[in-house]
Amino acid sequence: MNVTVVGAGKMGLPLACVFASRGASVFVCDVDWAKVESINAGICPFQEPGVDELLAEGVRSGRLVATTDTGSAIANSEVVVVIVPVLLSDSREAELSMIDDVAKIASANLKPGSMISFETTLPVGGTRRLGHIIDENGMRAGVDYDLVFSPERVKSLFVLKHLFNNPKIVGGITPASAARGAEFYTKYLGAPVINVGTLEAAELVKLAGMIYRDVNIALANELAAFAECIGIDFEMVRQAANTDGESNLLLPGIGVGGHCTPVYPYFLISEARSRGIPVELAELGRKINSAQPRKILNKVGDVQGKKCVILGVSFRPQVKESAYSPVFALASELEIRGASVTVHDPLYTEEEIRRLGLIPGEIEGNEILILNTAHDAYLNLDFADLARKGVKCVVDGRNAWSVDAVVAAGIRYIGVGRSTR
Ligand SMILES: NC(=O)c1ccc[n+]([C@@H]2O[C@H](COP(=O)([O-])OP(=O)(O)OC[C@H]3O[C@@H](n4cnc5c(N)ncnc54)[C@H](O)[C@@H]3O)[C@@H](O)[C@H]2O)c1
């Protein structure tokens, strides 16, 4: 079976490696030459546990080849899997140009009788729309080729584990397309497969999961603020509440980042608005979580002229990924308030931090430390030493530090729902 994976990114490459390891001959396509060269040299261009080995084996066996010639790869494949980004536009709509480009290439090259599966998170109705683009070649989705949507539901650092264990959701433009998608993923991924029938049901599964997470965090943020006001430690409450077999309250924090959680709720919100269907909770979740950086900084008070360092560019610990990280809102909010702001992250070089529009700095030499990312490197700071070097206040945006250790060092502690009484 020849399989093309379009998009050799953090999600697409591991997927391609797994298909190859299970016997498929895989073309993995990307517009980025450097990435393609690296893959063909057997070197994974990013860090993801287990992928190095799978990639080296795929390249060595000849079952995995990277190319920039997506058209030829598609023309020579029975199955095409697409996982290129869909971003959020300034007006908070899905920005579909990259995936539309792939659909156009597919339109020109897809073989009759083949199957194309989109894995990129899409608004409900997005796959059918891509099918219309492909159909401009005269073929009909569900008749001349199979059209499938199967959302990617894994996360960096756990990609292979999640690929093998998380049930793979599949929907198709026809029951036959869905069944073919289910058969393909059962054989070439090996994970349990859940066939939810239609494209739209599969699209909504992914969005529902993201909105659940966002709204849940918003609820945790609200409860944490309440608990803090009345002097109760919210983490203790959260853990106790989660023992009833029903609750699964997530962690409150200084903000939600990443490609997924702060983005995909808008795919549903926008579509629901256009159909006149109210989705107030999804909107409220976004509103609460977007306000969180500002709300937590309000607790600090006057920062005019004070030297502050934000610890962590990444939106998630140990992952070098800055998409929609709260670091951006924190830095601009502190600047508006007149603080002198720098940013530190052990995973980024100073130049990389600058390229993100931020100013790199060191941990020492600041009056205020703001923890955005609970990187391991930040978990065991010596607060007594930092106090001697001028730190007067810490904002523990991830509740990662010991209140007692901070307070004992004579530093003011500000957390998210933690009692300092
Ligand atoms: N990153 C995550 O944690 C995550 C988790 C779940 C789902 N997803 C889904 O996966 C999608 C991709 O995420 P990712 O992390 O792999 O992104 P990524 O940026 O790491 O990789 C995307 C790749 O697509 C390539 N690309 C862009 N346009 C292309 C084109 N026309 N033809 C060929 N290649 C093209 C880019 O060069 C890049 O290498 C996301 O948009 C999301 O829908 C991501």
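In which sense do strand 7 and strand 8 pair, and over how many bridges? Open the model, which is a predicted one, and select residues 115-118 and 146-149. These are strand 7 and strand 8, and they pair in the parallel sense over four bridges. Now pick out Ile-116 and look across to strand 8: its bridge partner there is Leu-147.

**Stop 1: the sheet**

Zoom out from that pair. Strands 7 and 8 belong to an open sheet of eight strands. Follow the order 3-2-1-4-7-8-9-10. The pairing in this sheet is mixed. Select 64-67 for strand 3 and 193-198 for strand 10. Both stand at the edges with a single partner strand each, so one side of each has no neighbour in the sheet. Turn the view to see the twist, which averages 20° from one strand to the next.

**Stop 2: helices across the sheet**

Select residues 12-21, which form helix 1. Helix 1 lies across strands 1, 2, 3 and 4. Show strand 2 at 25-29: helix 1 runs at about 170° to strand 2.

Next, select 175-188 for helix 8. Helix 8 lies across strands 4, 7, 8, 9 and 10. Add strand 9, at 168-172; helix 8 runs at about 155° to strand 9.

**Stop 3: helix 5 and helix 6**

Select 97-109 and 126-134. The axes of these two helices come within 8 Å and cross at roughly 40°. That angle makes helix 5 oblique to helix 6. The crossing is right-handed. Show the side chains of the contact: helix 5 brings Ile-99, Asp-100, Ala-103, Lys-104, Ala-106 and Ser-107, and helix 6 brings Leu-130, Ile-133 and Ile-134. Colour them by class and you get six nonpolar, one polar and two charged.

**Stop 4: the ligand**

Centre on the ligand. How many residues surround the ligand? There are 28, and the closest are Gly-7, Gly-9, Lys-10, Met-11 and Thr-121. Helix 5 appears again here: it gives the most to the shell, with three residues. By class, the shell holds 13 nonpolar, eight polar and seven charged residues.

**Stop 5: helix 9 and helix 12**

Finish with 199-229 and 280-298. Helix 9 and helix 12 pack at about 55°, with axes 8 Å apart. Helix 9 is therefore oblique to helix 12. This crossing is left-handed. Among the contact residues are Ile-211 and Val-215 of helix 9, and Leu-281 and Ile-288 of helix 12. The whole contact has eight nonpolar, four polar and three charged residues.

How values were computed
Residues numbered from 1 in each chain as written. Predicted model: local features only at pLDDT ≥ 70, side-chain atom pairs only at ≥ 80, totals over all residues. Pairing = 2+ DSSP bridges. Axes fitted to C-alpha atoms, helices over the stretch in contact; angles between N-to-C directions. Contact = placed C-beta atoms within 7 Å. Parallel < 35°, antiparallel > 145°, perpendicular 65-115°, else oblique. Left-handed = near helix turned anticlockwise from the far one by under 90°. Nonpolar A, V, L, I, M, F, W, Y, C, P; charged D, E, K, R; others polar. Near = placed C-beta within 6 Å.
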